[in-house]
Amino acid sequence: MKKLNRVFYVFLAVLLYQCDDVLEEDISDDSIAIIAPDDGAAIEGNLVQLRWTALDGADGYRLQITSENNRAIVLDSLVDQTRFDYQVEPGNYTWRIRGENFAYNSPYTFESAFSVVASLDLTNQLLTLESPVEDRYTNEVDFNFTWQRISTADSYEFELLRVDGSGETSVFQESNLVAATIGLEDGIVTEDNAYIWQVKAVNATSETRFFRRRFFVDTQNPPAPTLNGPAADASFGTTDEVQFSWSFSDTGTVQSPISSTLEISTDENFSTILLSDTNDSDEFTNTFTTTGTYYWRVRGADTAGNNGDNSATGSFSVD
């Protein structure tokens, strides 16, 4: 019976895959037109704004930029818009674009060449922040901030701000940075909170605007969850689905997303784990074909890197 079930699920998975293939629009013979920069364009500064026409049936667009100096691909990215702003060092480049969906790709456009010329005017240039990424959750308070250089910048100005409700409070500033990185010393970030880090490039005659990202500091472990079901000492048959559910009551200042690990054992000390499942929901379903008493517990781990304690132990029986 179990073998037949496995065959059925494999067949169902293949069928669903083929259905997705059928439902997707075939864009294999469709084309995209480049809008800008067109072939031979010269761009002053470092901000390249790539634009192209939309393609019906495309879920996203595969964008490639190649350096003509060494024929190295400097960007290969899937984007979901028809415009992409990118920071590029001075030099000669080519770029191309194609549409993609789950089942099909359109042909790439012909490669279009453009050149980038350095400019001393930083006003409208792009400063790309690298790390930490936008909306990162972390339990660290002493990590490094990094960004990409601008060739005509003499220095950079960095600022860290704490988000206070609808306002922001500056907690650290540093000017005249020559390197495109800075590390925080101990004692600067002292509390769990949302923070903004921002950087601008400066030279003798101009400066960029501040470019900014948000991150969250969360040093609190997730609370032990409350088990909601099955009810204590509930009884099930060998063909019944047992539905597990639990909940977290996180009261921390920053509440990082929590993933749950459910463990099931046939002994209340959990010496042997019969089944373990980690997921981002607060529920799980399983059928138990062997009779006996089962014990279960759940613990949480959050995206900031904190690990919580196990819940109280629940139990149920299969008759």
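Trainee: Which residues touch the most other members of the largest nonpolar core?
Mentor: Good place to start, and keep in mind that this is a predicted model. The largest nonpolar core has 26 residues. Those that touch the most other members are Phe145, Trp147, Tyr156, Phe158, Leu160 and Trp197.

Trainee: Which strand gives the most to this core?
Mentor: Several strands take part: E11 (144–147), E12 (155–164), E13, E15 (193–202) and E16 each supply at least two residues. With four residues, the one that gives the most is E15.

Trainee: What does Phe145 touch, leaving out residues up to four places away in sequence?
Mentor: Some of its contacts are with residues just named for the core: Phe158, Leu160 and Trp197. Phe145 also touches Ala180, Thr181, Ile182, Leu184 and Phe215. The list is completed by Ser131 and Pro132.

Trainee: How many residues are in the second, separate core?
Mentor: Look for Ile65, Val88, Tyr93 and Phe114, which are included in this second core. It is separate from the one around Phe145, and its residue count is 21.

Trainee: Glu159 is buried yet has no salt bridge; which side chain of opposite charge is nearest?
Mentor: Glu159 lies in strand E12. A salt bridge needs a side-chain nitrogen within 4 Å of a carboxyl oxygen. The nearest side chain of opposite charge is 6.7 Å away, so Glu159 goes without a salt bridge under that 4 Å cut-off. That nearest side chain belongs to Arg212.

Trainee: Which side chain makes a polar contact with Glu159 at 2.8 Å?
Mentor: Glu159 touches Ser170, Phe172, Gln173, Ile196, Trp197, Gln198 and Phe210, among residues beyond four places away in sequence. Its side chain makes a polar contact with the side chain of Gln173 at 3.4 Å. The polar contact at 2.8 Å is with the side chain of Gln198.

Trainee: Arg212 does meet another side chain in a salt bridge; which one?
Mentor: The N to O distance in this salt bridge is 3.0 Å. The pair links distant parts of the chain, with Arg212 in strand E16 (residues 211–217) and its partner in strand E13 (residues 167–177), 44 residues apart. Arg212 counts as partly exposed at 40% relative accessibility. The partner, also partly exposed with a relative accessible area of 40%, is Glu168.

Trainee: In the salt bridge between Glu207 and Lys200, which residue is buried?
Mentor: The closest N and O atoms of this pair are 2.9 Å apart. Glu207 has a relative accessible area of 38%, so Glu207 is partly exposed. At 11% relative accessibility, the buried one is Lys200.

Trainee: Which residues are linked with Arg98 in a network of salt bridges?
Mentor: Begin with one pair, Arg98 and Glu100, whose side chains meet at 2.9 Å, N to O. Glu100 is buried, with a relative accessible area of 12%. The network links Arg98 with Arg62, Asp76 and Glu100.

Trainee: Along strand E3, which side chains point to the buried face?
Mentor: The side chains of E3 (residues 47–52) alternate. Leu47, Gln49 and Arg51 point to one face and are not buried. Pointing to the other face, the buried ones are Val48, Leu50 and Trp52.

Trainee: How many bridges join E3 to strand E6?
Mentor: E3 also pairs with strand E1 (residues 34–36), running antiparallel to E1 through two bridges, and Ile34 has Trp52 as its bridge partner. On the E6 (residues 83–87) side, Gln49 stands opposite Asp85. E3 and E6 run antiparallel, and the number of bridges joining them is five.

Trainee: What is omega for the cis peptide bond that joins Ala36 and Pro37?
Mentor: Most peptide bonds are trans. Pro37 lies in the loop between E1 and strand E2 (41–44). A cis bond also joins Gly229 and Pro230, with omega about 10 degrees. For Ala36 and Pro37, omega is about -5 degrees.

Trainee: Phe270 has a positive phi; is Phe270 buried or exposed?
Mentor: Most residues other than glycine have a negative phi. Phi of Phe270 is near 55 degrees, and Phe270 lies in the loop between strand E20 (258–265) and strand E21 (273–279). Asp135, with phi near 60 degrees, is partly exposed at 31% relative accessibility. At 6% relative accessibility, Phe270 counts as buried.

Terms used
Residues numbered from 1 in each chain as written. Predicted model: local features only at pLDDT ≥ 70, side-chain atom pairs only at ≥ 80, totals over all residues. Heavy atoms only, no water. Buried < 20%, exposed > 50% of the residue type's maximum accessible area, 1.4 Å probe, protein only. Core = buried A, V, L, I, M, F, W, Y, C linked by side-chain atoms within 4.5 Å. Contact = heavy atoms within 4.5 Å. Lys, Arg positive; Asp, Glu negative; His and termini not counted. Polar contact = N/O pair within 3.5 Å; in protein donor to acceptor, adjacent residues only side chain to side chain. Pairing = 2+ DSSP bridges.
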